[in-house]
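Reader: I'm new to reading structures, and I'd love a close look at one single part. Could you pick a spot in this one and walk me outward from there?

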Amino acid sequence: MDKSQTIKRNKTIVLIILNILFVIILWIPVIELIFHVIPDRTNTENRVLSVFPVFSFENLFKNHFISQVEDYFNDNFGLRNYMVYLNYRIKLDVFKTSPSPSVVIGKDNWLFLSSGLSDIDAHAPFDLKNLKIIKDRFDNEYTWLQQRKIVFISLITPNKHTIYSEKLYETQKYKRFTQLDQRLLALNSGRSNYELDIRKPLIGAKNLYPTYYKNDTHWNLYGSFIAYQQIIYKLAENIAIKPLLLSDFDIQVKQEIGHADLAKMLSLNDRYNDEEIEFSVNSIGKEKLNSISKLGTLVLYGDSFMDPVYRWSTTQFLNYHFNKIIFIPDSEVFNNKILMKYKPDVVVYEIVERNL
């Protein structure tokens, strides 16, 4: 066999091997989908993945079944989570860009929700008509509650970038009058004064500890504590009540992998640590708690910042002052039948700034 034939044969062998490898690579996801040989990474996408559809002739003839099977395969093919993770790592580590359009990477690798930023630049300020509708709705509720001697507070939880604007690059910052500014001016005008602005306390408090998570959209327990104090100070205008102070607690700062919803959007929550601020009542605080006369019922309309299922919920501090707290998702806001049922002493309405 001459040299040219040897080269030709070697090329043929290489092509055959490459073709075989190509076919194997194509079939590995299918084989893995069926047999689950390799332990998969945990899916961290903030959505429900497609499930295999139930077969019916009606769906088949309407082509629904085929498209549903395709959706199922796209969401569940073998090693998918590894490939998503690898793609995100390459974008983040090699190209220094955010792998997800939902997440903005700021200075010192602080993560921000992009919609939280775009709500300032993309959403026009409230027009006067919409602002009047909001004010009338809240004023009517405030009057209804006043007539029943129920104290009312409305609280807007600031976006993370509102408190940590210094962690944004100049191209990411906004410098204009916001919807939050508008709403505060409108709802606290006239005889009403129930809208609570906690931006300055949260900004001032971060000099001691972080008030928001670095890799999550939410405040941490320390930020939650600052909000709790402001709520109690506001209630003190109508009720004999005082908040606990930071000196009433022993504080511990721990580095750990937390909730990290923004890091999860990047499929990198196992890579990002965050500071967890932990509170435990000390001897001074216990003496104060023994002397506190609890109020009756608090009805709290809120979102995930206030939801008791989360570790950063403000309710764990408010519990020191109320015998009962009824948490209601803010989608059910101002359901007076519920209020008549629970007969609260206080009603607090909370919504995060980006959802105004």
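Author: Sure, let's start at Trp219, which has a relative accessibility of 0% and so counts as buried. One thing to keep in mind as we go is that this is a predicted model.

Trp219 has a ring partner, Tyr212. Their ring centres are 6.4 Å apart and their planes meet at 65 degrees; anything over 60 degrees is called edge-to-face, so that's the name for this pair. Tyr212 is tucked away too: its relative accessible area is 1%, and the limit for buried is under 20%, so it counts as buried.

Now hop along to another ring pair, Phe225 and Phe279. Here the centres are 5.3 Å apart with 35 degrees between the planes, and the pair is tilted. Phe225 sits in helix 10 while Phe279 sits in strand 6 (residues 274-281), so this pair ties together parts that are 54 residues apart in sequence. Phe225 is buried, with a relative accessible area of 1%. Phe279 has 16%, and it counts as buried as well.

Rings turn up elsewhere too: the structure holds 24 aromatic pairs. Some of them join up, and ring pairs link Phe138, Tyr142, Phe152, Tyr194, Tyr301, Phe334 and Tyr349 into a cluster. Rings can also have a lysine for company. Lys160 lies over the face of Phe112, 5.3 Å from the ring centre, and Lys206 does the same with Tyr164 at 4.5 Å.

Back to helix 10, the home of Phe225. This helix covers residues 221-235 and lies across strand 3, strand 4, strand 8 and strand 9, running at about 150 degrees to strand 3. Those four strands belong to an open sheet of five strands, whose order is 4-3-9-7-8 with parallel pairing. At the edges are strand 4 (195-196) and strand 8 (322-329), each of which pairs on one side only.

Let's walk through that sheet. Strand 3 (residues 151-157) pairs with strand 9 (residues 346-352) in the parallel sense, over seven bridges. If you'd like a landmark, find Val151, which stands opposite Val346 in strand 9. Strand 9 also pairs with strand 7, in the parallel sense over four bridges, and there Val346 has Leu298 opposite. Strand 7 then goes on to pair with strand 8 in the parallel sense, over seven bridges, with Thr297 standing opposite Lys324. Strand 7 (residues 295-302) is mostly covered, with seven of its eight residues buried. As for what holds such neighbours together, strands of a sheet pair through backbone hydrogen bonds, either parallel or antiparallel.

Helices are packed around this sheet as well. Take helix 6 (residues 128-147): at 1.5 Å a residue, its 20 residues should span 28 Å, and its end C-alpha atoms are 28 Å apart, which agrees. Its buried residues include Leu131, Ile134, Lys135, Phe138 and Tyr142. You may remember Phe138 and Tyr142 from the ring cluster. In a helix, there's a handy rule: an α-helix has 3.6 residues a turn, so residues three or four places apart point the same way. What covers the buried residues of helix 6 includes strand 3, strand 9, helix 8 (179-187) and helix 14 (336-342). Just after helix 6 comes Lys149, with a positive phi of about 60 degrees.

Helix 8 is worth a stop too. Eight of its nine residues are buried, so it is largely enclosed by the rest of the structure. Among those buried residues are Leu180, Leu184, Ala186 and Leu187, along with Asp181 and Arg183. The cover over them includes helix 6, helix 9 (199-205) and strands 3, 4 and 9.

For contrast, try Lys107, in the loop between strand 1 (103-105) and strand 2 (111-113). At 29% relative accessibility, Lys107 counts as partly exposed. Lys107 and Lys167 are 60 residues apart in sequence, but their C-alpha atoms are 4.9 Å apart in space. Leaving aside residues up to four places away in sequence, Lys107 touches Glu166, Lys167, Leu168 and Tyr169.

Now zoom out. The chain has 14 helices and nine strands, and of its 356 residues, 44% count as buried. Among contacts in the chain with a separation of 6 or more, 74% are between residues 24 or more positions apart.

Notes: Residues are numbered from 1 along each chain as its sequence is written. This is a predicted model: local features need pLDDT of at least 70, side-chain atom pairs count only at pLDDT 80 or more; totals for chains, interfaces and linings use all residues. Side-chain values use heavy atoms; hydrogens and water are left out. Two strands pair if DSSP finds at least two bridges between them. Helices (H or I, at least four residues) and strands (E, at least two) are DSSP runs, numbered from the N terminus. Contact means heavy atoms within 4.5 Å. Axes are lines fitted to C-alpha atoms, for helices over the stretch in contact, and angles run from 0 to 180 degrees between N-to-C directions. The expected span of a helix is 1.5 Å times one less than its number of residues. Buried means under 20% relative accessible area, exposed over 50%, partly exposed in between (1.4 Å probe, protein chains only). Rings of Phe, Tyr and Trp (its six-membered ring) pair if their centres lie within 6.5 Å; planes under 30 degrees apart count as stacked, over 60 as edge-to-face and the rest as tilted. A charge sits over a ring if NZ of Lys or CZ of Arg is within 6 Å of the ring centre and within 35 degrees of the ring normal.
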